[in-house]
Amino acid sequence: MQYYVRTMEKHKASTRVFSPELPCPALGSAKDAAKQLVQSSDPSVMLQADVCSRNQNQVRTRYCCWINERGEFVERALI
């Protein structure tokens with residue numbers, strides 16, 4: 001199973017991707033990378049980072065975090 005982080009704008013209408021997929025060796029390191037990317041971003045962008053797992057043809061989001069409209073850091077485990 002492969003883990004990776006993808007980043008995008010939190011707006012529902014937006015599909016703008018900010019960086020290529022960032023591969024990670026484990027779920028824990030992927031979560032840490034996602035948190036760091038979001039917390040170091042400009043709050044006005046409202047960046048969202050998803051930690052996904054890829055197993056053959058299946059992709060599943062395991063964790064996501066983002067900056068909301070009030071500039072607060074929000075995270076959610078989806079396991």
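## Starting at S53

Let's begin with one residue: setting aside neighbours up to four places away in sequence, S53 is in contact with M1, Q2, Y3, Q58, V59, R60 and R62. The model you are looking at is predicted. You can find S53 in strand β3, which covers residues 47–55.

Is S53 buried or exposed? Its relative accessibility is 3%, and a residue counts as buried under 20%, so S53 is buried. The side chain of S53 also has a partner, since a polar contact of 3.0 Å joins the side chains of S53 and R62. R62 appears in the contact list of S53 as well.

## The whole chain

Now step back and look at the overall layout. The protein chain has one helix and five strands. Reading from the N terminus, the order of these elements is β-β-α-β-β-β.

The chain has 79 residues, and 34% of them are buried. Its accessible surface is about 5,100 Å², with 48% of that belonging to carbon and sulfur atoms. What about contacts between parts of the chain that lie far apart in sequence? Taking contacts between residues at least 6 apart in sequence, 43% join residues at least 24 apart.

## The helix and its two faces

Helix α1 runs over residues 27–39. Does its length make sense? Its 13 residues, at 1.5 Å a residue, should span 18 Å, and this agrees with the 18 Å that separates its end C-alpha atoms.

Which residues of α1 are buried? They are A30, A33, A34 and V38. These residues are on the same side of α1, because they cover an arc of only 125 degrees around the axis. On the face turned away from that buried side you will find the exposed residues D32, Q36 and Q39.

## The nonpolar core

In soluble globular proteins, nonpolar side chains tend to be buried together. In this model, the largest nonpolar core has twelve residues: Y3, V5, C24, A30, A33, A34, V38, A49, V51, Y63, C65 and I67. Four elements give two or more residues to this core, namely β1 (2–9), α1, β3 and β4 (58–67). The largest share comes from α1, which gives four residues.

A30 is a good place to see how the pieces meet. Not counting neighbours within four places in sequence, A30 is in contact with Y3, V5, C24 and V51. Those partners are also listed among the core residues.

## Q48 and F73

Back in strand β3, take a look at Q48. Q48 has a relative accessible area of 11%, so this residue is buried. The side chains of Q48 and D50 make a polar contact at 2.7 Å. Apart from residues within four places in sequence, Q48 is in contact with R6, T7, M8, K10, V38, C64, C65 and W66.

F73 is in strand β5, which covers residues 73–77. With a relative accessible area of 28%, F73 is partly exposed. In sequence, F73 and Q48 are 25 residues apart, while their C-alpha atoms are 9.8 Å apart in space. Setting aside residues up to four places away in sequence, F73 touches K35, V38, Q39, Y63, C65, W66 and I67. V38 and Q39 are worth a second look here: V38 is one of the buried residues of α1, whereas Q39 is one of the exposed residues on the opposite face.

## T61 and R6

T61 is in strand β4. Its relative accessibility of 25% makes T61 partly exposed. How many residues apart in sequence are T61 and R6? The answer is 55, with a C-alpha to C-alpha distance of 10.0 Å in space.

The side chains of T61 and R6 make a polar contact at 3.4 Å. Leaving out residues up to four places away in sequence, T61 touches R6, D50, V51, C52 and L78.

## An unusual angle at Q56

The last stop is Q56, in the loop between β3 and β4. Q56 has a relative accessible area of 73%, so this residue is exposed. Most residues other than glycine have a negative phi. What is phi at Q56? The value is near 55 degrees, which is positive even though Q56 is not a glycine.

Key: Residues are numbered from 1 along each chain as its sequence is written. This is a predicted model: local features need pLDDT of at least 70, side-chain atom pairs count only at pLDDT 80 or more; totals for chains, interfaces and linings use all residues. Side-chain values use heavy atoms; hydrogens and water are left out. Buried means under 20% relative accessible area, exposed over 50%, partly exposed in between (1.4 Å probe, protein chains only). A polar contact is a pair of N or O atoms within 3.5 Å; within protein, one must be able to donate a hydrogen and the other to accept it, and residues adjacent in sequence count only if both atoms are side-chain atoms. Contact means heavy atoms within 4.5 Å. The expected span of a helix is 1.5 Å times one less than its number of residues. The arc is that of the directions from the helix axis to the C-beta atoms. Accessible areas come from the Shrake-Rupley method with a 1.4 Å probe; for residues, only the protein chains shown count as cover. A nonpolar core is a set of buried Ala, Val, Leu, Ile, Met, Phe, Trp, Tyr and Cys residues joined through side-chain atoms within 4.5 Å.
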